[in-house]
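I sat down with this one and a fresh notebook page. Here is what I looked up, in the order I got to it.

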Amino acid sequence: MARMQIAQMSFARVYPLLAQKAERKGRTKEEVDQVLFWLTGYDAAGLQAQLEADATYEQFFASAPRFNPNRSLITGKICGVDVSAIEDPVEQNARHLDKLVDELARGRAMEKILRS
């Protein structure tokens with residue numbers, strides 16, 4: 001069975017998993033939203049519209065209002081892959097989001113997660 005490409009995955013199906021990952025470690029869905037808003041420029045209404053439309057990761061990131069220019073400061077590995085070495089922009093943005101949620105779940109301070 002072929003592995004589904006990240007770009008074609010439903011963001012609406014993955015989003016609750018990201019929130020659950022953070023909540024299991026004592027963080028909140030609102031904090032997940034905060035890092036998501038920081039990364040993509042979405043607001044609550046924009047995020048809700050994307051979830052209701054069942055957007056793929058590709059559609060979700062293509063519709064993002066504005067990517068944070070400091071996202072290039074997100075470094076490290078996620079799933080054994082260096083996020084800065086990923087060439088596909090959709091996959092890189094998905095891995096950036098996953099990395100931010102991982103940092104949140106590990107208890108890192110929000111100021112450091114948001115690279116401020």
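These are my entries, from the overall fold down to single side chains.

**Entry 1: the whole chain**

I reminded myself before starting that this is a predicted model. I then looked up the secondary structure and found six helices and two strands in the protein chain. Read from the N terminus, the order is α-α-α-α-β-β-α-α. The radius of gyration is 13 Å, close to the 13 Å from the globule rule for 116 residues, so the chain is as compact as a globular protein of that length. I noted the span of the C-alpha trace along its principal axes as about 35 × 30 × 30 Å.

**Entry 2: surface and contacts**

How much of the chain is buried? Buried residues make up 45% of the 116. The accessible surface comes to about 6600 Å², and carbon and sulfur atoms hold 50% of that. I also checked how far along the sequence the contacts reach: among those with a separation of 6 or more, 67% join residues 24 or more positions apart.

**Entry 3: the nonpolar core**

A general reminder to myself: in soluble globular proteins, nonpolar side chains tend to be buried together. Here the largest nonpolar core has 32 residues, and F11, V35, L47, Y57, F60, L97 and L100 have the most contacts inside it. Two or more residues each come from α1 (11-24), α2, α3, α4, α5 (89-105) and α6 (110-113). Which element gives the largest share? That is α5, with six residues. I followed L97 a little further: leaving out residues up to four places away in sequence, L97 touches F11, L18, L36 and L39.

**Entry 4: the aromatic rings**

I counted rings next, and the total is seven aromatic pairs. Y42 and F60 caught my eye: their ring centres are 4.6 Å apart and their planes meet at 20°, which is under the 30 degrees set for stacking, so this pair is stacked. The pair links distant parts of the chain, with Y42 in the loop between α2 (29-40) and α3 (44-52) and F60 in helix α4 (residues 57-62), 18 residues apart. Both Y42 and F60 are buried.

F61 and F67 make a tilted pair, 6.1 Å centre to centre with 35° between the planes. I compared the cover on the two rings: F61 is buried at 4% relative accessible area, while F67 is partly exposed at 24%. Stepping back, I found that F11, Y15, Y42, Y57, F60, F61 and F67 form one aromatic cluster.

**Entry 5: two polar side chains under cover**

Is Q50 in helix α3 buried or exposed? Q50 has a relative accessible area of 14%, so I wrote it down as buried. Beyond its sequence neighbours up to four places away, Q50 touches Y42, A55, Q59, F60 and S63. Y42 and F60 are also the two rings of the stacked pair.

K99 is in helix α5, and at 11% relative accessibility K99 counts as buried. With residues up to four places away left out, K99 touches I74, T75, G76, K77 and I78. I also looked up the distance from K99 to N70: the two are 29 residues apart in sequence and 14 Å apart in space, C-alpha to C-alpha.

**Entry 6: salt bridges**

How many salt bridges does the structure hold? I found seven. One of them joins the side chains of E31 and R27 at 3.1 Å, N to O, and R27 counts as buried at 16% relative accessibility.

Another joins K29 and D33 at 3.2 Å, N to O. Both partners lie in helix α2, four residues apart, about one turn of the helix. K29 is partly exposed, with a relative accessible area of 33%, whereas D33 is buried at 10%.

I then turned to α5, where R95 and E91 meet in a salt bridge at 3.9 Å, N to O. R95 and E91 are four residues apart in that helix, which means about one helical turn separates them. R95 is buried at 14% relative accessibility, and E91 is partly exposed at 25%. My last note of the day: K21, D98 and D102 are joined into one network by salt bridges that share partners.

Methods. Residues numbered from 1 in each chain as written. Predicted model: local features only at pLDDT ≥ 70, side-chain atom pairs only at ≥ 80, totals over all residues. Heavy atoms only, no water. Phe/Tyr/Trp six-rings, centres within 6.5 Å; stacked < 30°, edge-to-face > 60°. Buried < 20%, exposed > 50% of the residue type's maximum accessible area, 1.4 Å probe, protein only. Core = buried A, V, L, I, M, F, W, Y, C linked by side-chain atoms within 4.5 Å. Contact = heavy atoms within 4.5 Å. Salt bridge = Lys/Arg side-chain N within 4 Å of Asp/Glu carboxyl O. Rg over C-alpha atoms; globule rule 2.2 N^0.38 Å. Areas by Shrake-Rupley, 256 points an atom, 1.4 Å probe, with all protein chains shown as cover.
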